[in-house]
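The following exercises concern strand pairing, helix packing, burial and an enclosed space. Each task is followed by a solution in steps.

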Amino acid sequence: MSAQHEAGVATTHRVVILGAGYAGLSAAIQLACRVKPSENVRVTLVNAQERFTERLRLHMAASGQPLAELSIPELLEGTGAHFERGWVTAVDANAKTVRIDDERVLPYDTLVYALGGVADTSAVPGAEDHAHTLNGAQDAEVLADRLARLGSGTVVVVGSGLTGVESAAEIAERHPELTVVLLGRGEPGAAMHPKARAYLRAALDRLGVRVRSGVEVVKVLPGSVELAGIVDVAGRVDVAGSVDLAGTGGPVGEESVAADVVLWTSGTRVSPLAAAAGLTVDEGGRIVTDTALRSVSHPEVYAVGDAAAIRQGYGVMHGTCQGGMPTGVHAAVSILRKLRGRRPRPFRFGYYHTPVSLGRHDAVVQFTHPDDSPRRLHLTGRVAVRYKETVTAAPWATWGRMKKMPASGAFWPRGGRFTRVGGAR
Ligand SMILES: Cc1cc2nc3c(=O)[nH]c(=O)nc-3n(C[C@H](O)[C@H](O)[C@H](O)COP(=O)(O)OP(=O)(O)OC[C@H]3O[C@@H](n4cnc5c(N)ncnc54)[C@H](O)[C@@H]3O)c2cc1C
């Protein structure tokens, strides 16, 4: 029996969910659809926009392919969850309130923190002012507009992670008139099986993307990016300055690469709100959780998705949609278990794939072990394109299904022996 029923008080338990991305929407729909009217729970989902941002398609939007109009309030219809549009400006963990647009104050009994993350443009001088990002639909549309008007020139994509690879490929395919340069410390697809990595690299070459790995971008200027030197795969830096950048779009000097447009995809930064509220965060600002996904310092706060530092047997999870949705579902189920006087179960998740688009006509899908290390198995070409599109379109359809059958959202790979922490089963 819940504490409120024991006390004989039928007060409403207020659950406020911050952020309607992949993790926050999963939490809101699960909770609202599983809770019984007699349990007196009010679910409020707060998000900056009414339109759902399909982050998985932002590289497509950046190259001029329009995103679908997906309405969050319409998705929530019939679930009982309330939608509150606004920008969260503060969390007061002592008073248990959140401030929206600096004017409204929303009290909570339980908070689900799902504000995601953005590209870390604070990492080097000039990136904030001179580089584009893919942090939201509007950013992507601004970049698309800029590329469409460019006519000719060089686009430098900084960051050889998967967002950088997908963006460089997409831009090169849609804008053959532009020179696309991909700069990063690591090799594109570095975490993949050598065969999948070679396929990815060949696809980038075919699309004309000029790849320079082992470089460290240290400054972004209005017409160029500056490199500190060359880092090899082991991270050793050779700052001799004799960097052969011939063919990357025209080096401005020994350590600069000319850039008409810079897209910054390197690193991730999270909102400072959690740290400012006094919640325990890791060195990257993510909320440190216990096994039930509650903040270790404030157990009435659950943290999910990219904004959370969630430890599994293999280490702390990195931000993905494939892991973010299960965290949202698990938080919702844990909240309900707690309200019903039961102990939440430990969260467990094992990775299973890394699908990477290489323009609209090619892709590579790397299947992985639960700790995200690559298996031999991978898909390429048309089959991989279909697989990738199915995965990208899946969340919206999954939420529709969850509304009718909430339990359908509770299936994901738990990771077996890879995810056991302290004997969790
Ligand atoms: C181009 C690109 C391609 C990607 N491809 C893949 C892929 O193929 N597979 C994969 O698994 N992952 C992929 N990712 C990563 C994936 O998008 C993220 O891991 C995922 O979005 C995290 O979900 P989330 O719910 O934690 O955060 P988000 O989806 O970022 O949602 C956070 C929400 O909170 C809102 N918000 C933030 N701050 C505030 C505030 N202060 N007030 C109000 N609202 C706020 C945001 O507007 C947003 O709606 C990709 C990312 C990018 C950029």
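Two strands are taken to pair if DSSP finds at least two bridges between them. The model examined here is predicted.

**Exercise 1.** Determine which strand pairs with β9 through V157, and describe the sheet concerned.

*Solution.*
Step 1. V157 stands opposite L263, a residue of β16.
Step 2. Strand β9 (residues 153–158) is joined to β16 by 4 bridges in the parallel sense, which satisfies the cut-off of at least two bridges.
Step 3. The pair belongs to an open sheet of 4 strands with parallel pairing, in the order β11-β10-β9-β16. Its edge strands, each pairing on one side only, are β11 (210–213) and β16 (261–264).
Step 4. From one strand to the next, the twist averages 20°.
Step 5. Helix α6 (residues 137–150) packs on this sheet and touches β9, β10 (178–184) and β16. The direction of α6 makes about 150° with that of β16.

**Exercise 2.** Locate the bridge partner of Y113 and place it in its sheet.

*Solution.*
Step 1. The bridge partner of Y113 is A303, in β19.
Step 2. Strand β7 (residues 110–113) pairs with β19 in the parallel sense, over 3 bridges.
Step 3. The order β3-β2-β1-β7-β19 describes an open sheet of 5 strands with parallel pairing. Here β3 (82–85) and β19 (301–303) are the edge strands, and each pairs on one side only.
Step 4. Direction ignored, neighbouring strands of this sheet are turned by 20° against each other on average.
Step 5. Two helices are then added. Helix α2 (residues 22–34) lies across β1 (13–18), β2 (41–47) and β7, at about 160° to β2. Helix α10 lies across β1, β2, β7 and β19, at about 155° to β19.

**Exercise 3.** Which helix gives the most residues to the lining of the largest cavity, and how is that lining composed?

*Solution.*
Step 1. The structure holds 1 cavity of 30 Å³ or more, and the largest cavity contains about 80 Å³ of space.
Step 2. Among the lining residues are R286, D306, H318 and T327.
Step 3. Helix α10 (residues 321–339) gives the most to the lining, with 3 residues.
Step 4. By class, the lining divides into 3 nonpolar, 7 polar and 2 charged residues.

**Exercise 4.** Decide whether T392 is buried or exposed, and name its contacts.

*Solution.*
Step 1. T392 is found in helix α11 (residues 381–404).
Step 2. The relative accessible area of T392 is 4%; because this value is under 20%, T392 is classed as buried.
Step 3. Residues up to four places away in sequence are not counted; T392 then touches E54, L56 and R57.

Technical notes:
Residues numbered from 1 in each chain as written. Predicted model: local features only at pLDDT ≥ 70, side-chain atom pairs only at ≥ 80, totals over all residues. Heavy atoms only, no water. 1 Å grid on protein atoms, 1.4 Å probe; cavity = no way out; pocket = protein on both sides within 12 Å on 5 of 7 lines; lining within 4 Å. Points joined across faces, edges and corners; volume = space filled by probe spheres on them. Nonpolar A, V, L, I, M, F, W, Y, C, P; charged D, E, K, R; others polar. Axes fitted to C-alpha atoms, helices over the stretch in contact; angles between N-to-C directions. Contact = heavy atoms within 4.5 Å. Buried < 20%, exposed > 50% of the residue type's maximum accessible area, 1.4 Å probe, protein only.
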